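Hi,

Here is the structure I promised to pass on. Have a look at it first, and my notes follow underneath.

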Amino acid sequence: MRQLIAEEADVLCKKMQGPFNQSYLPLGDLRVRFYHGDVCDRYERALDLHNGLAQIEYQIGKVTYQRTAFVSHPHQVLVVKFSADVPGQLSGEIRLDSLLRYQTSAQSNGLVMQGLALEHVDPNYYHTAQPIIYGDWDTSRGIRFRSRVIAQIREGALKNDGDRLLFEGATELLLILTASTNFDGFDKMPGSQNRDYLELNEQTTLAALEAGYEKLILSHIADHSALFSRVQLDLSPPVAPAGMPTDERIMKYGNSDPAMISLLFHYVRYLLIASSRAGTQPANLQGIWNSKIRPPWSSNWTLNINTQMNYWLAETCNLAECHEPLFDFIGDLAANGEEKANVNYGCKGWVAHHNADIWRQSAPVGDFGHGDPVWALWPMGGPGFVSTFGSISCLAVI
């Protein structure tokens, strides 16, 4: 029996395999370089989970520098504010770049980056002669993107210099970054018929500028905290002293600090709120945080447990809104999986296997026969969702 499985069943299983999933790619990087040197007397950074703010404070000489960053769901922008407590101490340069193909142009108060994603990416564990494939810039089927950053300063001077912005003698620097793509659904090939991502990017930028920093940060805090404040967990008073750096706290107390356990619980809620909101894609293996062209496991949705684990706290922590992207994903997957159930198994209903990507692939992955059926031929993706979420109305018939 084992010999027949190795010789015949394995061969038949590989004939059912489709391509490997396509990777979730990093759009680009916003880079800010300051001319104040890199030796500081004090450096502190913190993440305000309740308000969704990343904050940094450090001191160089007699100047204290502060930074506040957040991503606004209501306005769809990244906002970063830099300040110095001594007038005129902010000088440096701003750039936009990407690991993908891109072009950058400078404007009077900002930068625009337009680029092209890959047409094909092999998983980082699959070794081929050409693991990544670009299309021609004008005719490629790859997703196109546009990112724009606007800079505003208080005092000092701001000017463009080729593909970068230079600022000098400022006391405050505000950066507002927007990004958009022409992705218009799992069942549409990216192209000219898709949504006007250039106009969308422009409208989003103008709306954020009209709102201004105070409205941007207040609306962001209101939106984020409304979700985050729905649950409280207080296990006991902290063992570690107040203000102790997190790395030292973990090294010294580990899991003997109950307050640290509750902090990690809240951090997981923060991650779900930050990476799964209505109108977006569901949280994948890396959430929304991926810096690689060939990320681990393609940064996809692994349906045998990892995707479900991302959402274990959604309903128990009163975050039903964060569940919506996953439910939309399941509906799309069922649309593709109906044909796959018929073709692969001669059955009604729908089927999904071990992995899926933004195109809602429902076939077993493996580059048409080069994957290992031991893990790829797992046709329980649909029932896996049902057993995890209970009353969701979707079934896979195999």
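A word on terms before the details: helices here are DSSP runs of H or I with at least four residues, strands are E runs of at least two, and both are numbered from the N terminus. Also keep in mind that this is a predicted model.

On that count, the chain comes out with nine helices and 16 strands. Its C-alpha atoms fill a box of roughly 80 × 60 × 35 Å along the principal axes. Of the 398 residues, 43% are buried. If you take the contacts with a separation of 6 or more, 64% of them are between residues 24 or more positions apart. The accessible surface is about 20,600 Å², and carbon and sulfur atoms own 54% of that. As for charge, I get 32 positive and 43 negative side chains, with the centres of the two sets 2 Å apart.

How far can you trust it? The average pLDDT for the chain is 91, and 96% of the residues score at least 70. The stretch to watch is 390-398, where pLDDT is below 50, even though the model gives this stretch 23 contacts beyond near neighbours in sequence. Where pLDDT is low, the predicted coordinates should not be read in detail.

Now for some individual residues.

T205 sits in helix α2, which covers residues 197-228. Is T205 buried or exposed? With a relative accessible area of 0%, it falls under the 20% cut-off, so T205 is buried. Setting aside neighbours within four places in sequence, T205 is in contact with R148, I150 and T178. R148 is 57 residues away from T205 in sequence, yet their C-alpha atoms are 7.6 Å apart in space. The T205 side chain also has a polar atom 2.9 Å from the backbone oxygen of N201.

S98 is in a loop, the one between β6 (90-97) and β7 (101-106). Its relative accessibility is 11%, and because buried means under 20%, S98 counts as buried too. What does the S98 side chain do with its polar atoms? One partner is the backbone oxygen of L27, 2.7 Å from a polar atom of that side chain. Another is the backbone nitrogen of L100, at 2.9 Å from a polar atom of the S98 side chain. Not counting residues up to four places away in sequence, S98 touches P26, L27, G28, M113 and F145. L27 therefore turns up both in that contact list and as a polar partner.Two residues have a positive phi without being glycine. E155 has a phi of about 70°, and R360 has one of about 60°. E155 is found in the loop between β11 (144-154) and β12 (157-161), while R360 lies in the loop between β16 (355-356) and α8 (373-376). Which of the classes does E155 fall into, at 41% relative accessibility? Buried stops at 20% and exposed starts over 50%, so E155 counts as partly exposed. R360, at 5% relative accessibility, counts as buried because that value is under the 20% limit.

That's it from my side; over to you.

Cheers

Notes
Residues are numbered from 1 along each chain as its sequence is written. Side-chain values use heavy atoms; hydrogens and water are left out. Buried means under 20% relative accessible area, exposed over 50%, partly exposed in between (1.4 Å probe, protein chains only). Contact means heavy atoms within 4.5 Å. Accessible areas come from the Shrake-Rupley method with a 1.4 Å probe; for residues, only the protein chains shown count as cover. Lys and Arg count as positive and Asp and Glu as negative; His and the chain ends are not counted. The place of a charge is taken as NZ of Lys, CZ of Arg, CG of Asp or CD of Glu. A polar contact is a pair of N or O atoms within 3.5 Å; within protein, one must be able to donate a hydrogen and the other to accept it, and residues adjacent in sequence count only if both atoms are side-chain atoms. pLDDT is the predictor's confidence in each residue, from 0 to 100.
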